[in-house]
Amino acid sequence: MGEIRSVAVIGAGVMGASIAAHAANAGVDVLLVDIVKPGAVERNAIACATIERLKKMEPAPLMGSRAARLITAGNIEDDLVAVGRCDWIVEAVVEKLEVKQALYARLDAVRKEGSVVSSNTSTIPLRELTAGMPEGLARDFCITHFFNPPRYMRLLEMVGGEGEAFAPLRGFLDQGMGKTVVSCKDTPGFIANRIGTYWVQCAMVLALEMGLEVEEADAVMGKAMGFPSTGVFGLIDMVGIDLALHVNASLARLLPEGDVFHAMNRHGAVFTQLVAEGFTGNKGKGGFYRSARGADGKKQKSALDLRAAGAGRLEWRESVRAELPLVRAARDDLKKLLDSTTKYGAYAWGVLGRVLAYAAALVPEIGEDVAAIDAAMRLGYTWRFGPFELMDRLGGAWVAGRLAALGLEVPPVLRAVGDGKFYRENADGEVERFSLAGGYEAIGRAPGILLLEDVKRRGRAVLENKAASVWDIGDGVLCFETHAALRGAMRNMLDGEILGLLEKTLALVKRDYKALVLYNDDLREQPQKVNFSQGANIGLVYLWSNIRMWGKIETSMKEGQRIYQAMRYAPFPVVGAPVGLALGGGAEMLLHCAAVQAYAESYIGLVEAGVGLVPGWGGCVSLLARWSQDKQMPKGPMPAVAKVFEMISTAKVSRSAAEALEMKFLRPADGITMNRDRLLADAKAAALAMVDGYEVPQAPELHLPGPSGRVALNMAVEGFHKRGVASKHDVSVAGALAEVLSGGDTDYLDALSEADVMALERKAFMALVRTKESQARIKSIIDTGKPLRN
Ligand code: NAI
């Protein structure tokens, strides 16, 4: 069976462009084609312009410069044969059946044996797309429905595509593009848009009819209930009101008459009027929210007056943040809000009750597998919990008992589950899901998927304290995890407790195990918020500096350096498996690992300069050693020093694992995992692959330029200061960094050890931490999360 090595994307619009980018992120050749504009001289103009746009878009659809080079522009007239040579052809042209069908007819003639074709349609049923299609093409055709933006949204809904011929495509979507592939039945809106659109519609209609303001509705229907923090109106603005309108209209056309969606499809005029006047959301002139600069140059946010909108007038007023204590309390106990007799309580239950009842009533119509439906809502709409998980949290019987208040019947699946739950654990610690067919079925994980939550369910931590725990993930490998939820706003910050447990873990692995993986997967967090580490606990540094306990700070520096060194020179492999942010001390931790297996969405950087400090746990020396060993760098010590100086002094953070590789936070032998659920298994495999014949790394020797190098770096920074790019304290921080990276009073001919450079790190750190400017920077991050430019 083949593999997907080349992809043709037809249609270089919003979705086609970003699907092309993400296929290139997966490392395959991509041909992106669109129509030839009538009379155009440059026949690939549309695709060419799109590729240029991809490089500048935010959030970035491309993970790095290599991916950009993998995309070739073409057009559907001249390049049809080349399209036909690709292993997978994905169609993302306008949502018009006749346009799509005309295209398929042309593809049938050119596509190669063994290729597969799919459509990215969001609303057209598979049976309509394939009606009248030649049998061979219909057999190799399916729907692959990506969510926007495809790089970041983990859900992929697949309709059809069950047969053996689709195995390479499924493998590519999963392992190459990192998607969770949810098989859907051929029903309108598939799973996520079917439930999600109803949710949006209920939230909008009830807000209008119950007299809530936009901000109030968003506060209720947001984070506190486990929905995206934008709330519903903020979300529609982000997605595009025109798109919401379009999906609404298709569902209204396609759903059977008795579907409750129709009854809720009221006040469509608000959407229509907004779109007609160019208020399509954030991409247009604004939507439910607008922001504009006032006379004083400051950004001012305004919100649509829902009452006026309901009466056919579009009027915006100054936006006021809704502070609702009841809603805040719901984060700990959702029922408090749902039980409340206030209008917020009525609104919360009015929307949620309807949505839960709808989701339950759609079993088995849209799918029998409640876990798949939950996954679709979590990954496609970034809900923290899917509807069935939510019903388990509230209690199925409790939900059923309250539906009558909304005049709703209890759906069969909710009746069947009764007092029980949709998910339960069996005697082996496996999760089972409720099935309408009767009883429970084990969910099971595909090969290559290892979740820490499963490990945790099956046994106790091997070692544990408040800040971190250590898990046995089998085959002689331990997993070291820091706890995010305990840390409040400053998540996964490294401190003495974490480092102490890490040291104990190293001793334990040496004695009884083969390898160690560093990985976090705290389920109390929203999945997209899980981070490897945001660095050392600067809260403690701030506290100590306030009471002038400089000795304590210096000791913690030494301890960090010592334990990281112990990790680097451990007689067994330590593999770092970052997800999300790995900043400061977190990045330094990775720099000391024998190997890194990074989730593709890893954002790694030495950001200490932002708090007026320099990396002090071996980050300077480790990164310097890597850049100095790069044979492609020009001769002499300065190029590597200048490169590392630039990275650290500007606190540069990689925007992907691919970029981290370019920055040498990863090395060529390190691995990148595209699918989040596969990271731990991949890291474990990488660790085990190194066990036999493992050699402790050699300590680097550095030849650094000394005072002349320092002067050169300082002159450059002075130049930035004169041009107003660097602040006065930036100059001081950069000066201290220059002292470390140039090797202090060394000479190029002298060899410096890691310990020598680490002593310089400590000296520079201690000098900076005593300054009131650095302390002000630290305080700003602690208080506001924002860096201070002083
Ligand atoms: P779009 O309007 O941004 O882009 C469509 C592109 O297709 C245009 O560049 C157009 O020139 C090109 N095109 C039209 N006919 C063509 C032909 N015969 N051959 C080659 N190119 C042709 O549309 P968008 O939003 O990217 O949607 C594309 C598909 O993806 C639709 O089926 C839509 O339902 C679906 N979809 C859209 C989502 C979104 O958020 N925009 C989300 C998920 C699916």
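Me: Where is Lys664 found?
Reply: Lys664 sits in the loop between helix H30 (657-662) and strand S25 (671-673). Helices and strands here are DSSP runs, numbered from the N terminus (helices are H or I with at least four residues, strands E with at least two). Bear in mind that this is a predicted model, where local features need pLDDT of at least 70, side-chain atom pairs need pLDDT 80 or more, and totals for chains, interfaces and linings take in all residues. Numbering starts from 1 along each chain as its sequence is written, and side-chain values use heavy atoms, leaving out hydrogens and water.

Me: Why is Lys664 called buried?
Reply: Buried means under 20% relative accessible area, exposed means over 50%, and partly exposed is in between (1.4 Å probe, protein chains only). Lys664 has 18%, so it counts as buried. Its phi is positive too, about 70 degrees, although Lys664 is not a glycine.

Me: And what makes Arg548 exposed?
Reply: Its relative accessibility is 60%, so Arg548 falls on the exposed side of that cut-off. Arg548 is in the loop between helix H25 (538-546) and helix H26 (550-568), and has a positive phi of about 55 degrees despite not being a glycine.

Me: Which peptide bond leading into Pro149 is cis?
Reply: That's the bond from Asn148 to Pro149, with omega near -5 degrees. Pro149 belongs to the loop between strand S6 (141-146) and strand S7 (155-160). Another cis bond runs from Val363 to Pro364, with omega near 5 degrees, and Pro364 lies in the loop between helix H18 (343-361) and helix H19 (370-381).

Me: What makes the pair between Lys100 and the ligand a polar contact?
Reply: A polar contact with the ligand is a pair of N or O atoms within 3.5 Å. A polar side-chain atom of Lys100 is 2.7 Å from a ligand oxygen, so the pair qualifies. For Ser122, a side-chain N or O atom is 2.8 Å from an oxygen of the ligand, and for Val14 a backbone N or O atom is 3.0 Å from one.

Me: How much of the ligand does the protein bury?
Reply: The protein buries 80% of the 840 Å² that the ligand exposes when taken alone, with areas from the Shrake-Rupley method and a 1.4 Å probe.

Me: How many residues surround the ligand?
Reply: There are 21, with Met15, Asp34, Glu95, Lys100 and Ser122 the closest; to be near, a residue needs a heavy atom within 4 Å of the ligand.

Notes:
Polar contact = N/O pair within 3.5 Å; in protein donor to acceptor, adjacent residues only side chain to side chain.
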